[in-house]
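Thanks for making time this morning. I have one structure to go through, and I will take it contact by contact and then sheet by sheet.

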Amino acid sequence: MAEAHQAVAFQFTVTPEGIDLQLSHQALSEIYLSGVRSWKKRVIRIKNSVITGVYPASPSSWLFVVIAILATMYTRSDPSMGIIAKIQEHLPVSQSMSSQCQAVVSAVLFSTMLWLMLIFTMRLCLKQLLSYHRWMFEQHGKMSTTTKVWVALVRIFSGRKPLLYSYQGSLPNLPLPTIKDTLKKYLETVRPVMNDTEYERMTNLAADFQSSLGNRLQWYLKLKALWASNYVSDWWEEYVYLRGRSPIMVNSNYYGMDFLYVTPTPIQAARAGNSIYAFFLYRRKLNKEELKPWLLRSAVPCCSYQFERMFDTCRIPGTLTDTVQHWQDSDYIVVYHNGRYFRLRVYQAGRLLSPREIELQIQRILDDPSPPCEGEAKLGALTAGDRIPWAKARTTYFSSGINKRSLDCIEKAAFFVTLDDEEQGMMGDDAAANLDRYAKSLLHGKCYDRWFDKSFSVVYFKNGKSGINAEHSWADAPVVAHVWEYVLATDSFQLGYNEEGHCKGEVDSSLPRPQKLNWEIPPECEEQISQSLAVAKALADDVDFKVFSFREFGKGKVKRCRVSPDAFIQMALQLAYYRNRETFCLTYEASMTRLFREGRTETVRSCSNESAAFVRALENGEGGDVCRRLFRAAAEKHQQLYRMAMTGAGIDRHLFCLYVVSKYLGVESPFLKEVLYDPWRLSTSQTSVQQAELFDLVNHPEYISCGGGFGPVADDGYGVSYNFLGDTIINFHISCKHSCPETNSHKFGDQIRTALQDLLQLLYPNQKQNNKTEESQPKFKKEQ
């Protein structure tokens, strides 16, 4: 067992002559190099903390200020107006220091204080500038003079080459809306889904709330808004995600897909080798803050705090509430294959293993014939079932001994990897059905072969396809999509494969083999695993999925209609739902609030009076001119709602926080109770491509991802995720539940397709639908 021998730094034996130490130079070298790597990271973090702490100034600007003050002093003028002399009088120095030296020290202290005041002033100015949001409400392509001046000032005060977290201290706090505005907007949004009697009742409840309890709750929220950097985010994470006691699989976790039309290599271990390497390249950039902050219109920064817990993070179950724990830079991942868990170190002698070496280690796991420990094979089902049984089992069976060591290994890993024994993708004779199965596999798998508590789990299928499943509490989908885009692009366009499909480079065959984790699972724990698996299996089997690419036209043609592509899709969804259920429903569209510090999401209530009026007019056979006018009014209203949500003027997070305060105070509000328990029967989200520059859709149009999706929010509703690929393709991921007789994802997908075509026909009345679109469509072959 050579690798076991190398794992210890020394051995010792007691002899008559004394203690004989046998040092392992290789192990000591490993310890030394690991220490060097750790200290390098500490130095980088300290350096970045200094740079970020003085942003938007730079550390070198301190020297400039000191030299300027000293130079001014030598011209016998006092730029401090007597402050330097005052500092010199009270300077606690020894008698041996000359008066000239004291003057220099005093000048340096004054320069430092002046420099810090300038930094504070610049940061305050930038914060005030970033609180301006009128630019978002201006007509696209037409920028007012005020906004042009504002953009120039933002760029001046933003400094040069900001790091990932440089803007954090300059971002404004999320504003707290007034009770009056929130209630007015709420009543407006629920009007299409209520009859006259219901609406009158809700209006009375809102009026009573505003005149009595509402102002009291608002007062507490004002205190929190003054004290906290964001009055929503901590409560949102705790009460919406961490306190949920139902399974997070399907209900909370979401997934992202691989390339749709191509698989870079059919070799499972090779695909894992390249992309695991790319994940650690991304983590290195993240630790060094070399990732560029996300800027809207190349000027307005968005909050980056969600990136902090991307790696080395796990959700820990609790009986009352879960917690999110984050560790520092694990040097390994945990790999699941065929019922067994392996610890795979990705650093050797202080260096990151090459893709070819990672491939070798993955292949060793695939070839390992050892059987699972008793009860190990389906252990992951504990993370897929209800949270309370998992929390109790964790305390009872995994709080000490070998089980604790193995569980700690999983939870502290950089991320989790599953080597799936199935083939997935858009392949075979029934490509559409296989694509649906691919989505379901990424969402829940076999219910025990993913570790749903990890910040994210990466799945590699037998045919080389891959995908990602992410836990939702620590961050939202755009953050996970950012790393996934980087990995896909790096894997295919930078690392690549050799002619045989293996990773490039040499390999050190003497690498220690991956370490199999051991468990001692008692029969009582096995029984709990079986119960959790039964719960998860019933939930997974109930999910109905439809994934398809709409290729008749894309956002390019929609933009030529002078309509927002997102508004176009949302109107199509309203039309499709009305045709599907012959009624309207509360519609949830996720909008980000990352223009503010620690911002996450806000709800855009896409079902509006204007959208309902348009849908009714179209379905009642009104004239084209009338329908077009109503459509544009509805689309403009949606854009207005979206902009308001992004700029902190949404309503749902405010109502949510008012409800939390009422619970803390122990008071009941009939109005808030009804608001918070209204079901979102249509939950939607757009997954936009954030790093389009990483992909070459002109020369390599087949290298496009199908995006990702999530499970339905309501038992009798739909979950719809969509994304635009270039100007020609729109991908849809639709979910619902088999157990609801009124929902059917395939039927709803067909109605969405028809609604999109009908809307385009409405906006282009003289064009026949069957004609080719103006966009040049790339041709793809399905995978075999």
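Glutamate 636 and arginine 643 form a salt bridge through their side chains, at 3.5 Å from N to O. This is a predicted model, so please hear every value as computed from predicted coordinates. Glutamate 636 is partly exposed, with 44% relative accessible area. Arginine 643, at 14%, counts as buried, because the cut-off for buried is under 20%.

A second pair is arginine 243 with glutamate 238, joined by a salt bridge of 2.9 Å, N to O. Here arginine 243 has a relative accessibility of 30% and is partly exposed. Glutamate 238, at 22%, is also in the partly exposed class.

The third pair is glutamate 602 with arginine 653, where the closest N and O atoms of the salt bridge are 3.7 Å apart. Glutamate 602 belongs to strand β18, residues 601-605, and arginine 653 to helix α22, residues 652-665, so this salt bridge ties together parts 51 residues apart in sequence. Both glutamate 602 and arginine 653 are buried.

How many salt bridges are there by this rule? The count is 41. Some of the charged residues are linked further: Arg245, Arg315, Asp322, Arg387, Asp453 and Glu471 make up a network of salt bridges.

Staying with β18, let me turn to its sheet. The sheet is open and has 6 strands, in the order β16-β22-β21-β19-β17-β18, with mixed pairing. Its edge strands are β16, residues 543-550, and β18, each of which pairs on one side only. On average, neighbouring strands in this sheet are turned by 20° against each other, direction ignored.

Within this sheet, β21, residues 718-725, and β22, residues 729-737, are paired antiparallel over 7 bridges. Leucine 725 has isoleucine 729, in β22, as its bridge partner. Helix α22 lies across β17, residues 587-592, and β18, and runs at about 115° to β18.

Now the other sheet. Which strands sit at the edges of the open sheet of 8 strands, and which lie between them? The order is β15-β9-β8-β12-β13-β14-β3-β20, and the pairing is mixed. The edges are β15, residues 515-516, and β20, residues 708-710, each pairing on one side only. Strand β3, residues 254-257, pairs with β14 in the antiparallel sense, over 4 bridges. Glycine 256 stands opposite isoleucine 468 of β14.

Two helices to mention pack on this sheet. Helix α11 touches β8, β12, β13 and β14, and its direction makes about 155° with that of β13. Helix α14, residues 401-411, touches β8, β9 and β12, with its direction at about 105° to that of β8.

That brings me to the nonpolar cores. The largest has 57 residues, and those with the most contacts inside it are Ile276, Phe279, Met310, Ile333, Ile362 and Phe415. Among the elements giving two or more residues to this core are α11 (268-287), β8 (332-337), β13 (456-460), β14 (466-470) and α16 (477-495). Helix α11 contributes the most, with 10 residues.

Phenylalanine 279 is a useful residue to put on the screen. With neighbours within four places in sequence set aside, phenylalanine 279 contacts Phe311, Phe415, Phe456, Val458, Tyr460, Ile468, Val483, Trp484 and Val487. Apart from this core lies another, of 56 residues, including Val151, Ala206, Leu595 and Trp680.

Helix α16 also holds alanine 477. Alanine 477 is partly exposed, at 29% relative accessible area. Its C-alpha atom is separated by 29 Å from that of tyrosine 347, and the two residues are 130 apart along the chain.

Last, the cysteines. How many disulfides does the structure hold? It holds 0. For cysteine 607, the closest cysteine sulfur is that of cysteine 585, at 6.5 Å, which is too far for a bond. Cysteine 607 is buried, with 3% relative accessible area. For cysteine 736, the closest cysteine sulfur is in cysteine 740, at 7.6 Å, again too far for a bond. Cysteine 736 is buried as well, at 0% relative accessible area.

That is what I have; I am happy to take questions.

Notes
Residues numbered from 1 in each chain as written. Predicted model: local features only at pLDDT ≥ 70, side-chain atom pairs only at ≥ 80, totals over all residues. Heavy atoms only, no water. Salt bridge = Lys/Arg side-chain N within 4 Å of Asp/Glu carboxyl O. Buried < 20%, exposed > 50% of the residue type's maximum accessible area, 1.4 Å probe, protein only. Core = buried A, V, L, I, M, F, W, Y, C linked by side-chain atoms within 4.5 Å. Contact = heavy atoms within 4.5 Å. Pairing = 2+ DSSP bridges. Axes fitted to C-alpha atoms, helices over the stretch in contact; angles between N-to-C directions. Disulfide = S-S within 2.5 Å.
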